[in-house]
Amino acid sequence: MLKILALISIVALSAFAAGDANFEAVKRELNVPAIIMFLVFIAGTLGITYWAAKKTKSASDFYTAGGGITGFQNGLAIAGDYMSASAFLGVSGLICVRGYVGVIYAVSFLVGWPIILFFMAEKLRNLGKFTFADIAAYRLGQKEIRTLAAFGSLAVVILYLIAQMVGAGKLIQVLFGMEYEYAVFMVGALMIVYVTFGGMLATTWVQIIKACLLLTGVSFMAIMVLYHFDFSFEALAVQAVENHTSAESILAPGGFISDPISAISLGMALMLGTAGLPHVLMRFFTVGNAKEARKSVVYATGFVGYFWIIITIVGFGAIAFLNSADGAQYFVDGKLFGGNNMASIHLSHMLGGNAFLGFISAVAFATILAVVSGLTLAGASAISHDIYANVINPNATDEQVVKISKITVIIVGIVGVTLGIAFEQQNIAYMVGLAFGIAASANFPILFLSIYWRGLTTRGAFIGGFIGLITAVTLVIIGPIVWVSILGNDEAIFPYKHPALFSVTIAFIGIWFFSKTDNSQRGKDEKEMFRAQNVRANTGIGSAGAVDH
Amino acid sequence: MKEELVDRIESNPKYQELVSKRTSLGLKLGAFVLIMFYTFIMTIAFNKEVLATTIGDGVTTIAFPIALAILVLSFITTLIYVKRANGEFEDLTNEIKDDVKDLM
């Protein structure tokens, strides 16, 4: 452990040194306060990992922190998972460029939470143990359903991971002048250390600390923006309209997605996708009981809702401040230095100089590290718990499962770093949107129907689930972004950017049809078993957690 | 779970009360959130000029208070749900557990 810590610090330092030598190429001097805060954060989180490593022994410790997280802590951690780099940097950047359109994303990202609370949270807690596949496969064929769920989880995790890696690489490149590859490698190495040694306990605490830092930092930024306008949003809006080339239209949905189908489809992906994100769903197993699970959603909804309000202020603040005479220094050839995602980072420099820039940068980096750790743990549990312990080797001991998990974490980390480097030029926000679309089309329908529909059978879930997954991926490939923008064809075969409306509907119909027409004895038995599952889902009687902690 | 236990719980009036009350609350609040959100999305999709209406003589449009209201109301629905679920429903659940203690 100590050796690895030493190795990480050497890599980190040498990477900074390498960055130092290159800084002329990226036109930005080394930001000392940023590096100090960044190293303090790394040292602190590694300390937590060391503490967590001593407490993490069993598979239950590794995947769910032994179920000992409170509702409040879990609420912060869930909010932390949700307030990723694409949420913080992406949405504020989107508002800075297109105004109110970014606010639509913010609103759509929140409304999934009440729905999760009313229909999913406590049932997940009552039925599951480590992964959402525990619920989907509760009364259905373990092999089929866990394989499907693992595919769905990994697809979402990898896409989300690439998006965060690319974000991290770009951020560090801009801030510290470090090479993109070094930056991605460092993120990967730290994340592997957090997760392999500290498991869910370390991952959760890193997430909690980051959520607090992020909420504090962005609040401070929002207050400084409002202070400048005597706490009048109207005055801020007037300034923003005056400075933005699109003038008044930034204050209304104006240019947002021209066709109704895409608007509805995106709304659906963002709302239902939330209920299918494996790294968020697994957090419901870290609390002791259904009561705490419910509380955690209330806290999470409160924190995330508040976050969107302050991000909106920061986004419009960025329009007002950056498009001014003083803000001109942040533009290179008419474009924001480092891309539009850097809007809030530049704003922090304008508001509070190098020290505040350092703080916000360290927070942004912490955000990425915490989110990739959660994602990696979700990916590792899909492979080790769902595939290894339930399909390949059902007699595996606790030690074997934990060992496989740790190996998987390293593999997922390496895959993440490799793809992060390969996908350097891809659009982050779009990849996250795609991850949500797949989560909504593949994971959400089987999870939802397995909880509520007694008629669901293995055949229906397996065939229908794969149809949903394949439809979502295919429609994205033949849609405007991949087919036209990336593959260079003239016209898209599928005209909409967001396929969720179609792929979610097809998944539900497919699952319904292949369950309905399933007359096998196995199908009948599975329908019979719904009663017992439903009683447990409603009361928690017989649930795994109630005894363990 | 044993067949006998499932039968006992299912026929317990408290269990039926719990399920029907909780389902009804979840559906009501869920419908509220969905209708609110999809009214917003449909307005954007089909009649977005409405949202460009300004407030008084200012430049700020009604789109902002509407977005804020959706965020705040979503949070309030979660508060309402958890207040009842962690009080009334949790008590009912504990009573049901007590009733079947001999079988667990």
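This note goes through a predicted model of two chains, A and B, point by point.

1. Basis of the model. Residues are numbered from 1 along each chain as its sequence is written, and chains are lettered from A, with ligands numbered from 1, in the order in which they are written. Because this is a predicted model, local features need pLDDT of at least 70 and side-chain atom pairs count only at pLDDT 80 or more, while totals for chains, interfaces and linings use all residues.

2. Confidence. For the complex, the predictor gives an ipTM of 0.93 and a pTM of 0.88. The mean pLDDT (the predictor's confidence in each residue, from 0 to 100) is 86 in chain A, where 93% of the residues score at least 70, and 91 in chain B, where 99% of the residues reach 70 or more. Among the elements of chain A, helix H23 (residues 544-548) has the lowest mean, 45, and helix H20 (residues 500-516) the highest, 95. In chain B the lowest mean, 89, belongs to helix H1 (residues 3-10) and the highest, 94, to helix H3 (residues 63-99). A reader should also note residues 10-27 of chain A, over which pLDDT stays under 50.

3. Overall form of chain A. Chain A has 23 helices and two strands, where helices (H or I, at least four residues) and strands (E, at least two) are DSSP runs numbered from the N terminus. Its radius of gyration is 23 Å, close to the 24 Å that the globule rule gives for 549 residues, so chain A is as compact as a globular protein of that length; the radius is taken over C-alpha atoms, and the rule is 2.2 Å times the number of residues to the power 0.38. Of the 549 residues in chain A, 63% are buried, a residue being buried if 20 or more other C-beta atoms lie within 10 Å of its own, exposed if 12 or fewer, and partly exposed in between, with C-beta atoms placed from the backbone. Contacts (C-beta atoms, placed from the backbone, within 7 Å) with a separation of 6 or more in chain A are in 84% of cases between residues 24 or more positions apart.

4. The core. The largest nonpolar core holds 236 residues, and within it Ala136(A) and Val187(A) touch the most other members; such a core is a set of buried Ala, Val, Leu, Ile, Met, Phe, Trp, Tyr and Cys residues joined through C-beta atoms within 7 Å. Helix H15 (residues 343-392) of chain A gives the most to this core, with 28 residues. Beyond four places in sequence, the contacts of Ala136(A) include Ile145(A), Ala149(A), Ile446(A) and Leu447(A).

5. Details in chain A. Helix H5 (residues 85-98) of chain A is mostly covered, since 13 of its 14 residues are buried, and Gly99(A), which follows H5(A), has a positive phi near 65°. Two residues other than glycine also have a positive phi of about 55°: Ala65(A) and Phe231(A). Ala65(A) lies in the loop between helix H3 (59-64) and helix H4 (71-82) of chain A and counts as buried, because it has 27 C-beta neighbours inside 10 Å. Phe231(A), in the loop between helix H10 (180-228) and helix H11 (233-243) of chain A, is exposed, because 11 other C-beta atoms lie within 10 Å.

6. Chain B. Three helices and zero strands make up the secondary structure of chain B. Its radius of gyration is 22 Å, well over the 13 Å that the globule rule gives for 104 residues, so chain B is more spread out than a compact globule. The C-alpha trace of chain B spans about 70 × 25 × 20 Å along its principal axes, and 28% of the 104 residues are buried. Arg22(B), in helix H2 (residues 13-46) of chain B, is buried because 20 other C-beta atoms lie within 10 Å, and Arg22(B) touches Ala85(B) and Phe89(B), leaving aside residues up to four places away in sequence.

7. Where the chains meet. Contacts join 46 residues of chain A with 42 residues of chain B. On the side of chain A that touches chain B, the largest share, ten residues, comes from H14(A). By class, this side of chain A has 30 nonpolar, nine polar and seven charged residues, where Ala, Val, Leu, Ile, Met, Phe, Trp, Tyr, Cys and Pro count as nonpolar, Asp, Glu, Lys and Arg as charged, and the others, Gly among them, as polar.

Key
Two residues are in contact if their C-beta atoms, placed from the backbone, lie within 7 Å.
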